[in-house]
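Biologist: I'm new to this one and would like to learn how to read it. Could you walk me through it?

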Amino acid sequence: MVRPSRRREMARQAVEQRQISIRMACRLFGISETCYRYQAKLSGENSHIADWLLRLTTTHRTWGFGFCFLYLRNVKGYGYNHKRVYRVYRELELNLRIKPKRRLRRDRPDELAVPRQINDMWSMDFMHDKLRDGRSFRTFNVIDDYNREGLGIEVDLSLPALRVIRSLEQIIEWRGKPKAIRCDNGPEYLSGRLVEGADKQRTQLQYIQPGKPQQNAYVERFNRTVRHEWLDQHLFESIAHAQDTATKWLWSYNNERPNMALG
């Protein structure tokens, strides 16, 4: 199916090269004379929108139209209509292919506890990746479930319970302590030292049901963003390089990246 814009170009080429009439060219290519004589307006602003879209999709290769439009409107303050921005987005053929996922039937887990204010509930979880030389490293991610703010990403080859406690204490120094921290049933979270540290801070450790990651949905969704927009975009030379890019990406996530869940 050839788009009307392409057929208009073909009709104009036929008029110029074959010396046929405009009416005959329109009949041949199935367009109206109004379509043939159409001239795009505000091409300067459309070029500005196209330039921004190309820059955003080059810098943030996992962003689709929604994130790009929210960034232009809420971060940069442009008042462009979403239909206009989407039209330019489609003409540039920037659409991401969404691969459908196969859903598995599982028992319904308990309802996800929704916090009502900041520091009401934090979530923490681990992730894995590799350096350029093949060595595996871990990341320790902490977020505030209320506003999805990333509170910290700790990177190292090994992150035992004592390192987890130290990372949490550093966050508590500037953020304040939470009422509860949600986590899975990993060995680091079940260690006696972490339980003692939580009791010392008067913070409750809230463990999810085994095999029910949906109950830790906030940090799991955060982990997916970490994977697609940070880990998959870099080849890390060292732990220091990974930690540096993690700190920069986390600042961008908290201050610039649009959050669809929060509008």
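Biologist: Let's begin with the sheet. How many strands form it, and in what order?

Modeller: One thing before that: this is a predicted model. As a general idea, strands of a sheet pair through backbone hydrogen bonds, either parallel or antiparallel. Here five strands make an open sheet, and reading across it you meet β3-β2-β1-β4-β5, with mixed pairing. The edges are β3 (149-156) and β5 (204-207), each of which pairs on one side only. From one strand to the next, the twist averages 25°.

Biologist: Let me zoom in on one pair. In what sense do β2 and β3 pair?

Modeller: Strand β2, residues 136-144, pairs with β3 in the antiparallel sense, over seven bridges. For a landmark, find asparagine 141, which stands opposite isoleucine 153 in β3.

Biologist: Which helix lies across those two strands?

Modeller: That's α11, residues 239-255, which lies across β2 and β3 and runs at about 175° to β3.

Biologist: And now helix against helix. At what angle do α10 and α11 cross?

Modeller: Helix α10 covers residues 217-229, and its axis crosses that of α11 at roughly 125°, the two coming within 12 Å. An angle between 115 and 145 degrees falls in the oblique class, so α10 and α11 are oblique to each other. The crossing in which α10 passes α11 is right-handed.

Biologist: Which residues make the contact there?

Modeller: On the α10 side you have Phe222, Thr225, Val226 and Glu229, and on the α11 side Trp249, Leu250 and Tyr253. Sorted by class, this contact of α10 with α11 has five nonpolar residues, one polar and one charged.

Biologist: I'd like to try another helix pair. How far apart are the axes of α1 and α2?

Modeller: They are 9 Å apart, with α1 (residues 4-18) and α2 (residues 22-29) packing at an angle of about 140°. That angle makes α1 oblique to α2. Their crossing is right-handed. Arg7, Met10, Ala11, Ala14 and Val15 of α1 make the contact with Ile22, Ala25 and Phe29 of α2. The residues of this contact of α1 with α2 divide into seven nonpolar, no polar and one charged.

Biologist: Stepping back, into which domains is the protein divided?

Modeller: Domain 1 spans 4-37, domain 2 spans 42-92 and domain 3 spans 121-256. To place two of them, look at the C-alpha centres of domain 1 and domain 2, which lie 31 Å apart.

Key:
Residues are numbered from 1 along each chain as its sequence is written. This is a predicted model: local features need pLDDT of at least 70, side-chain atom pairs count only at pLDDT 80 or more; totals for chains, interfaces and linings use all residues. Side-chain values use heavy atoms; hydrogens and water are left out. Two strands pair if DSSP finds at least two bridges between them. Helices (H or I, at least four residues) and strands (E, at least two) are DSSP runs, numbered from the N terminus. Axes are lines fitted to C-alpha atoms, for helices over the stretch in contact, and angles run from 0 to 180 degrees between N-to-C directions. Contact means heavy atoms within 4.5 Å. Angles under 35 degrees count as roughly parallel, over 145 as roughly antiparallel, 65 to 115 as roughly perpendicular and the rest as oblique. A crossing is left-handed if the near helix is turned anticlockwise from the far one by less than a right angle, and right-handed if clockwise. Ala, Val, Leu, Ile, Met, Phe, Trp, Tyr, Cys and Pro count as nonpolar, Asp, Glu, Lys and Arg as charged, and the others, Gly among them, as polar. Domain bounds come from an automatic or database domain assignment.
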